[in-house]
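Hi everyone, thanks for making time for this. I'd like to walk you through one protein chain today, so please have the viewer open.

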Amino acid sequence: MSRLLSFTDHLQRSATGKHWRDDDSDDGSDERQSRWTRYFPLCILLVLMVAPHPSLLLVLVNHYLRTLHEPITFLVHLCVSYTLTFLSFASLIICVVRDPGPVCLENPAQDDGQISARDEIGLREALMGPPDEPDDGEITPLKWCRKCWAPKPERTHHCSLCGRCVLKMDHHCPWLGGKCVGHRTYPSFFHFITCITLFSAHVAYLAGTAFWWSFNNPASIFDEVTPLHELFLLCAGVIFGLVVGSFMIYHIYLISTNQTTLESLSPFLLLRFIPPLPSSLRLSDPPMEHELSYTQRRLVRNAHRAVKLYDLGWQENWAQVFGWRKSGGWVPRVLYGGASPGDGRNFPRNPRAQDMLQKLANALEIADKEA
Ligand SMILES: [Zn+2]
Ligand SMILES: [Zn+2]
């Protein structure tokens with residue numbers, strides 16, 4: 001009955017055009033407090049981004065301008081440093097202010113209170129689903145979010161921290177003001193970590209060469225404080241370059257194989273896509289993770305390493321994120337990462353994936369009978 005009441009509420013919201021996120025206003029002070037708390041890591045991130053600049057300016061002026069008298073080198077390092085800083089802030093602002101991927105009602109027919117054919121499937125599945133089934137809101141075999149009580153397009157996940165669904169959700173990032181990275185912000189997110197990595201590498205290079213020169217020419221240094229700043233910049237550049245750079249390399253791998261972080265780290269998401277299993281098995285259809293035996297779990301993990309559901313080749317995969325096939329549009333891509341093409345709801349599948357999923361289903365069936 002509660003399910004039916006919620007469903008009625010869903011239809012009322014659809015008819016009035018009220019958005020799911022309006023629920024935020026009901027929470028009053030608790031919500032405001034959590035809102036302030038979630039911006040704390042972002043403040044730390046901003047401090048970390050600004051902190052090296054006094055030392056950077058001091059090293060550039062004292063070492064490259066006043067000691068070496070190389071204005072061209074000084075200007076090149078200055079331009080590269082502040083261009084990368086500007087680009088980092090540009091993509092960070094986009095990540096923080098842009099909605100990562102709203103599952104809004106885009107179908108005009110729905111705005112009139114009608115349900116589209118595609119959503120009818122979700123409604124039927126939701127109403128016929130087991131009412132007491134445990135649901136953590138993160139992974140569900142149904143194309144329906146029982147937290148938002150709204151359709152859940154492919155690759156969409158419900159973020160329990162944000163309290164909403166996000167299209168092609170990659171991960172929840174506390175450093176971005178407690179927001180998710182999703183379909184609409186992933187290019188900016190990748191742009192941001194790339195710029196931070198390049199900035200760190202550049203700072204490490206210029207500070208390293210300056211420190212090495214000071215180490216070999218102690219009698220010619222401008223003052224005794226500058227080498228300390230050079231050492232600080234060198235350490236900070238190396239540490240941040242390695243940390244953020246490894247993160248960037250991981251996302252290059254994810255983009256090249258067309259995976260999100262969630263899909264890469266959650267092998268059991270594959271269970272949502274395997275062909276129907278015989279009803280004689282102990283498993284649900286589709287199977288739930290907690291129903292699997294050790295052998296079946298191992299089979300799923302092995303399949304997850306082999307099956308990349310959306311992998312269409314690296315060129316097509318990168319085009320899905322950055323839209324390389326679009327004519328023009330390079331300016332926003334360079335400035336803040338641009339935006340992914342498409343609506344974030346439909347994604348072409350790897351043509352080989354279905355065969356591999358069928359093999360996985362067969363292997364699960366055999367393992368279930370042997371258990
Ligand atoms: Zn949801
Ligand atoms: Zn989130």
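I'll go through the membrane annotation, the metal sites, two loop residues, one helix contact and the cavities.

Please keep in mind that this is a predicted model.

Let's begin with the membrane annotation. An unreviewed UniProt entry lists residues 39-60, 72-97, 189-211 and 231-255 under "transmembrane region". What does the model show for two of those stretches? Residues 72-97 are 100% helix and 0% strand, with 37 Å between the end C-alpha atoms. Residues 189-211 also come out as 100% helix and 0% strand, and there the end C-alpha atoms are 32 Å apart.

Now for the metals, which I suspect many of you came for. Which residues hold the zinc ion called ligand 1? Its protein donors are the SG atoms of C145, C148 and C165 together with ND1 of H158, lying 2.0 to 2.3 Å from the metal. The angles among those 4 donor atoms run from 100 to 125°, and the site is tetrahedral. If you want to find the donors of ligand 1 in the sequence, look for the spacing C-x2-C-x9-H-x6-C. Are C145 and C148 buried or exposed? C145 has a relative accessible area of 1%, so it is buried. C148 is at 12% relative accessibility, and because the cut-off for buried is under 20%, C148 counts as buried too.

Next comes the zinc ion called ligand 2. Here the coordinating atoms are SG of C159, C162 and C180, plus ND1 of H172, at 2.1 to 2.2 Å. Why is this arrangement called tetrahedral? Because the 4 donor atoms subtend angles of 102 to 120°, and four donors count as tetrahedral if all angles lie between 85 and 135 degrees. The sequence spacing for ligand 2 reads C-x2-C-x9-H-x7-C. One of its donors, C180, is buried, with a relative accessible area of 2%.

Let me turn to the backbone. Most residues other than glycine have a negative phi. Two residues here go the other way. H69 has a positive phi, near 55°, and you'll find it in the loop between α4 (52-67) and α5 (71-97). N258 also has a positive phi, of about 55°, although it is not a glycine; this residue lies in the loop between α9 (226-256) and α10 (261-265). Which of them is buried and which is exposed? H69 is exposed, with a relative accessible area of 58%, whereas N258 is at 4% and counts as buried.

While we're around α9, have a look at G237, which sits in that helix. With 7% relative accessibility, G237 counts as buried. Its C-alpha is 9.6 Å from that of L198, and the two residues are 39 apart in sequence.

Last stop: the empty space inside. Rolling a probe the size of a water molecule over the atoms shows where such space is left. How many cavities of 30 Å³ or more are there? The count is 4, and the largest has a volume of about 200 Å³. That largest cavity is lined by 17 residues, with E263, L269, F273, L309 and Y310 lying nearest its centre. By class, its lining has 7 nonpolar, 6 polar and 4 charged residues.

That's my tour. Thanks for listening, and I'm happy to go back to any view.

Terms used. Residues numbered from 1 in each chain as written. Chains lettered and ligands numbered in written order. Predicted model: local features only at pLDDT ≥ 70, side-chain atom pairs only at ≥ 80, totals over all residues. Heavy atoms only, no water. UniProt positions renumbered as here; feature names shortened; annotations may be inferred. Helix = DSSP H or I, 4+ residues; strand = E, 2+ residues; numbered from the N terminus. Donors = N, O, S within 2.8 Å, 3.2 Å for Na, K, Ca; no water. Tetrahedral: all angles 85-135°; square planar, octahedral: opposite > 155°, others 65-115°. Buried < 20%, exposed > 50% of the residue type's maximum accessible area, 1.4 Å probe, protein only. 1 Å grid on protein atoms, 1.4 Å probe; cavity = no way out; pocket = protein on both sides within 12 Å on 5 of 7 lines; lining within 4 Å. Points joined across faces, edges and corners; volume = space filled by probe spheres on them. Nonpolar A, V, L, I, M, F, W, Y, C, P; charged D, E, K, R; others polar.
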